[in-house]
Amino acid sequence: MTNDPVDVLIIGAGASGAAVAWSLAETRMRIVCLEQGDWQQSSRYPSTGRDWEARQAEDYAIHPNRRAMPADYPVNDDDSPIKIANFNGVGGGTILYAGHFPRMHPSDFRVRSLDGVADDWPIDYATLEPYYALNDRMMGIAALEGDPAYPPKEAVMPPMPLGSTGEMLGRAMNELGWHWWPSDSAITSRDYEGRAACINLGHCGHGCAQGAKASTDVTYWQEAMRARVEVRTKCRVSRIETNDDGMATGAWYFDGDGREVFQPAEIVIMACNGIGTPRILLNSASERFPNGLGNSSGQVGRNLMFHPYALVRGRFDRPLDGYRGSRVFMWSMEFYETDPARDFLRGYCYQFTRGNAPATTALNGLGDGLLPWGEGHHAAFRRLFDHQAGMIAICEDLPEEINRVTLDPSLKDANGIPAPKITYRLSENSQKMLDHSVARGVDILTRAGAKDIITRSPLPYAGWHLMGTARMGNDPRTSVVNAWGRSHDVKNLFIVDGSVFVTSGGVNPTSTIQAIALHVADQIKTRIHDLFD
């Protein structure tokens, strides 16, 4: 089958696809977005039933191989200590993320200049600042102005409450003299744009049934569809087609009935994350592009970055908030920038977290050796439940070509499309950073009065942040897209997701991914008359 041509074809309806669609809608071009998943029904989110803890490990699990829903594709991540976490559906990863919403720092765009490693970005913080601000308004970000770790930025609404956990940990940080601040959260702290204020149920990580968390299905996509952008679900894209002139002509996809359909388009925009985008580009190899589409540099799929996570958690004698409230409520950038006194380059941020829900507390307690089987089990559980808190360290992951995405030679999805294969090694620099973050995290919890401190590093099922596999740059020999997201090789092919990241920074990437998508959209609109020159 072949559909009628469209002006813009967007592949992927997650964080970046939604933002670029909304921005381009004002051009009145005909825009279609293909999404291999479906719309989510808030009435079916785990938090609407008593079995929510079981379901967050099953049909709403973060790992696609465990979830194995019809919208998912398998991932071979056997050759990586960090496993992939993603979600396929309208809203993408924003359905399951915690709503933690930091920006990258100005230094993150100048790593080569400042520290002599990796590469500088072809854009900087100042370029993205107006798009960060616009995105904060569109998503609805709760924050506290004045954080000394960042340039000045406005708060859309007040920050989420710290609760007794935050007050306790904040006092410990003050005693140590270390930076901390209420974190930016993509969660409504008051009624905002038709979304009610968060009621602090603590169910952020598996779909917010209330709609207080800013997943793009309830923010950008509602506005984009009112502007007549079409979202076509259950459409699994296999490859991009090109003509004799080397221009993209559209995409082949399998619809919900398994039929192969071609969607012609004047402009193709990839928004499939740092795994899905290189997968499609590599599968789009042809006689003209034998190594994959847009891959004359050989960089498609290379320089995969994850953010290695370290966990530090302790038990307190006093009762705390338990799992109730926003999952991440404060951060520390004390160890974010390079310090010559340390034995690693760049740094990490802490995200302070509350305790776990009942079943998770029990399972983790058994695994950590804090809960015995049989006699004493219930007494130990009472000492643990609602008495735990801690932090996660998000460590900057410097790009290395050995860390990459390729096509698996035998594993395929339900439509016969090759699955992505992940090859990833934890660098010596990352390991030193993880070790440092664990040691300082123990210092913080000890100062706060914690007992039974547990540490894990790196967390295995924490590959949420998929970055770097189609990097941005000015030199076509060493990058895949230019400073405004256009492929060096294919003049009507754009990429707006985390794969364009040159470096990873040490913070969650969603805010930056969406700012880049808005930046690319503005460049397309500004250059529309000579876009393909």
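This tour moves through a predicted model, stopping at a helix pair, a cavity, a pocket and two backbone features.

**The helix pair**

Begin by selecting residues 358-368, which form helix α9, together with residues 377-384, which form helix α10; the axes of these two helices come within 10 Å and cross at roughly 110°. Angles of 65 to 115 degrees count as roughly perpendicular, and α9 and α10 are therefore described as roughly perpendicular to each other. If you turn the view so that one helix lies over the other, the crossing of α9 past α10 is right-handed.

Next, show the side chains at this crossing: α9 contributes Pro358, Thr361, Ala362, Gly365 and Leu366 to the contact, while α10 contributes His377, Phe381 and Leu384. Coloured by class, the residues of this contact between α9 and α10 divide into five nonpolar and three polar, with no charged residue.

**The cavity**

Rolling a probe the size of a water molecule over the atoms shows where empty space is left. In this model the count comes to one cavity of 30 Å³ or more, and the largest cavity holds about 40 Å³ of space. To find the largest cavity, select its lining residues, which are Asp136, Ile141, Ala143, Lys153, Glu154, Ala155, Val156 and Asp184. By class, the lining of the largest cavity has four nonpolar and four charged residues, and no polar ones.

**The second largest pocket**

Move now to the second largest pocket, where about 610 Å³ of space lies. Its lining is made up of 25 residues, and a practical selection for centring the view is Asp38, Met69, Pro70, Ala71 and Lys234, since these are the ones that lie nearest the centre of the second largest pocket. When the lining of the second largest pocket is coloured by class, eight residues are nonpolar, eight are polar and nine are charged.

**Two backbone features**

For the next stop, select histidine 307 in the loop between α8 (273-283) and β9 (309-315). Although histidine 307 is not a glycine, its phi is positive, at about 75°.

Finish in the loop between β15 (451-456) and β16 (493-495), where proline 458 is found. Select serine 457 along with proline 458 and display the backbone atoms, for the peptide bond that joins these two residues is cis, with an omega of about -10°.

Key: Residues numbered from 1 in each chain as written. Predicted model: local features only at pLDDT ≥ 70, side-chain atom pairs only at ≥ 80, totals over all residues. Heavy atoms only, no water. Axes fitted to C-alpha atoms, helices over the stretch in contact; angles between N-to-C directions. Helix = DSSP H or I, 4+ residues; strand = E, 2+ residues; numbered from the N terminus. Parallel < 35°, antiparallel > 145°, perpendicular 65-115°, else oblique. Left-handed = near helix turned anticlockwise from the far one by under 90°. Contact = heavy atoms within 4.5 Å. Nonpolar A, V, L, I, M, F, W, Y, C, P; charged D, E, K, R; others polar. 1 Å grid on protein atoms, 1.4 Å probe; cavity = no way out; pocket = protein on both sides within 12 Å on 5 of 7 lines; lining within 4 Å. Points joined across faces, edges and corners; volume = space filled by probe spheres on them.
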